[in-house]
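Got your viewer open? Let's take a short walk through this structure, one selection at a time.

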Amino acid sequence: MLATVIHGERDVRLEEVPDPVLSTGGDAIVRVVAACVCGSDLWPYRGVTPTNSPRRIGHEFVGVVEEVGPDVRTIAVGDFVIAPFYDCDMTCANCKNGVSTSCLHGGWWGAEDQLGGFADGGQGQKVRVPHADGSLVATPEYPSDDLVPSLLTLSDVMGTGHHAAVSAGVTQGSTVVVVGDGAVGLCAVLASARLGASRIVAMSRHESRQALAREFGATDIVAERGDEGIAAVKDLFDGIGPDCVLEAVGTKESMDQAIRSARPGGMVGYVGVPNGGAELPIRTLFNTNVGVNGGVAPVRNYVEELLQDVWSGAIQPGRVFDLELPLSDIAEAYAAMDERRAIKTLVRP
């Protein structure tokens, strides 16, 4: 089959690799219908995270089950399924506690699993899923083609934006600021609106992203950054700041922006993959009673809840995909996001 392999800085290639095979009883083979490039994929692509040897890449996909192992009980051949950006069994203590990203038996796509098999990267034609009953969620029926992009967001960005909002305590009537206008930040705007926030500020300097943020529920836009951005945010909230700030970037600057924008006693929900020396300023947090909560989003724990609204059309997070390409153009899919010509790229094998 064909799959994406990263060789080094700005060097991703579509290559022939071995077809996946069932090997451990509880696994499944999924034919990928749609996958995508994630903002976190850009760290190795840009060389920020070194690639020491060629490896599979891609961790978001939806598709159709082609084979299942003899121990699989809840997933069947022919099911259209959503996979989270990691493998998990949903039976261990951590999964049951709502933190399936810390599954005691799970792992990551594009790597050896704990069962002695290989979990293929998502940017390819097929994927072997080690814990089919745990990781995969089947849709009520085969979806229409226009629903596929929104279902794909449940693999990562919509669930991650939702996790930022949940971590910050967004609820009916909350005031919210979202730092970051990538796909996760935009989904955080949508998640906040879904949870009933009364006012949502999107921090964005790009007109197309500002427009989508407004359509997702943002009531205000702040384009400034740093001290000017913080002052602009506070001016919108009687000089003290919002209840909740959602951080969706992961840099030192974005965390500083988020923490200093929150009102005293407010909460920051952070989901941006840490990069660039981001650290918590304990004295600032202590002095202002601002709380910080978040981390790697356990999106598998949210899929069923969010799927209901995606399936009904109540929310359309798939609109974050503003570029669609065939898998054969995977190099361009990465370049477009790297050069900010696309918010998020969807690829179809």
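Keep in mind that this is a predicted model. Start by selecting Val178, Gly180, Asp181, Gly185, Leu186, Val189, Ala202, Met203, Ser204, Arg209 and Ala213: together they line the largest cavity. The volume of that cavity is about 40 Å³, and the count of cavities of 30 Å³ or more comes to one.

Now colour your selection by class. You should get six nonpolar, three polar and two charged residues.

Which elements supply at least two residues each to this lining? Show helix H6 (183–194), S12 and helix H7 (207–216), and you have them. H6 gives the most, with three residues.

Next, stay with strand S12, residues 199–203. Met203, which you already picked for the cavity lining, has Val222 in S13 as its bridge partner. S12 and S13 pair in the parallel sense, over three bridges.

Zoom out to see the sheet these strands belong to. Six strands form an open sheet, and its order is S13-S12-S11-S14-S15-S16, with parallel pairing. Look at the edges: strand S13 (220–222) and strand S16 (291–294) each have a single partner strand, so one side of each is left without a neighbour in the sheet. On average, neighbouring strands here are turned by 20° against each other, ignoring direction.

For the last stop, select helix H8, residues 226–236. What does H8 lie across? Add strand S11 (175–179), S12 and S13 to the view: H8 lies across these strands, and runs at about 160° to S13.

Technical notes: Residues numbered from 1 in each chain as written. Predicted model: local features only at pLDDT ≥ 70, side-chain atom pairs only at ≥ 80, totals over all residues. Heavy atoms only, no water. Pairing = 2+ DSSP bridges. Helix = DSSP H or I, 4+ residues; strand = E, 2+ residues; numbered from the N terminus. Axes fitted to C-alpha atoms, helices over the stretch in contact; angles between N-to-C directions. Contact = heavy atoms within 4.5 Å. 1 Å grid on protein atoms, 1.4 Å probe; cavity = no way out; pocket = protein on both sides within 12 Å on 5 of 7 lines; lining within 4 Å. Points joined across faces, edges and corners; volume = space filled by probe spheres on them. Nonpolar A, V, L, I, M, F, W, Y, C, P; charged D, E, K, R; others polar.
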